Amino acid sequence: MTAPDGLCAVVLAAGEGTRLRPLTARVPKALCPVGNVPLLDRALHRLAGLGLTGPDRVAVNACYLADQVVTHVGDRAHLSVEPGDPLGTAGGLGNLRDWIAGRGVLVGNADAYLADPGVDPGPDVAALLAGWDFRSVRLLGRPAPDPHAPGTFDGHVFTGFSLLPWHRVRELPASFGDLVRTVWRPAEAAGELTVVPYPGTFFDTGTPADYLAANLHAAGDGTLVAPDATVTGHARHAVVGAGAVVRGDVERVVVWPGATVAPGERLCDAIRADDGLTVAASPGKG
């Protein structure tokens, strides 16, 4: 399915990723690699699968370490750089009102990892767009373990993409705010919110444990090694990035581009970044 006319898309990439620190001390969360692909590129690729490409139809907001995001995006999308602190999910859209300019908007979180083995990125979320009336709010979701838990919508957990009509966006100020309180809950109260189930796998990648889990899912049942990485040690169920060198033993580990695992080192359930930074990512440490 191709996105209908009158629809644009925004990828939210301004956040600081505080729960992933120290990994995000020097790299914005949106550029952290999952399966050796930056999260932001995964989001843009998914939009491209719906026919949404280029600065006229796709925007990316940036704030924290914005220069890295701006350089990485280049001319692939319209860039909205927020001054000062991030404006939040609602404020980020408010800052883009003149660009959205009357259109419906598909909003995606850059840190959302989505994967449906039976469907390509883009078509995997096409049900969110099918038959949309440009008046209601739609959220992509998965059934919640506790359907009555706070933060759920119609018994579902939000999985990173929402569809918003212009009349819900046009009054958003370019000041800090979140979509939950300013758009989603008011639409829900008015009977104008629908949750569209996502059948695939979802991780929000916000914690080291979930970030590792997303990477290992992207690797499938084996080990994913970049073509120019060097592995002379042992790597099991791991992701090894471009230019990385693994001479030790890694299992359930993400080795970032350019990072090194020395001979004799053994890493398990962790992320190894450059300069020897290691972040534990075992369950319960997210």
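Hi everyone, I'll walk you through the pockets of this predicted model, along with one annotated domain and one arginine.

Let's start with the domain. UniProt, in an unreviewed entry, places a feature called "domain: Nucleotidyl transferase" at residues 9–111. Over that stretch the chain is 28% helix and 22% strand, and the C-alpha atoms at its two ends sit 15 Å apart.

Now to the pockets. The largest pocket has a volume of about 910 Å³. Its lining is made of 36 residues, and those nearest the centre are Gly15, Lys29, Thr89, Asn109 and Asp111. Two or more lining residues come from each of helix 3 (88–94), strand 6 (104–109), strand 9 (156–164) and helix 6. Which element gives the most to this lining? That would be strand 9, with five residues. By character, the lining splits into 17 nonpolar, 12 polar and seven charged residues.

The second largest pocket holds about 170 Å³ of space. Among the residues lining it are Arg42, His45 and Arg46, as well as Tyr113, Leu114 and Ala115. Helix 1 (39–48) and strand 7 (113–115) each supply at least two residues here. This lining has seven nonpolar residues, one polar and four charged.

Last stop: arginine 170. You'll find arginine 170 in the loop between helix 5 (166–169) and helix 6 (179–189). Is arginine 170 buried, exposed or partly exposed? Its relative accessibility is 41%, so arginine 170 counts as partly exposed, since that class runs between 20% and 50%. And if you look for proline 38, the two are 132 residues apart in sequence and 31 Å apart in space, C-alpha to C-alpha.

Thanks for listening!

How values were computed: Residues numbered from 1 in each chain as written. Predicted model: local features only at pLDDT ≥ 70, side-chain atom pairs only at ≥ 80, totals over all residues. Heavy atoms only, no water. UniProt positions renumbered as here; feature names shortened; annotations may be inferred. Helix = DSSP H or I, 4+ residues; strand = E, 2+ residues; numbered from the N terminus. Buried < 20%, exposed > 50% of the residue type's maximum accessible area, 1.4 Å probe, protein only. 1 Å grid on protein atoms, 1.4 Å probe; cavity = no way out; pocket = protein on both sides within 12 Å on 5 of 7 lines; lining within 4 Å. Points joined across faces, edges and corners; volume = space filled by probe spheres on them. Nonpolar A, V, L, I, M, F, W, Y, C, P; charged D, E, K, R; others polar.
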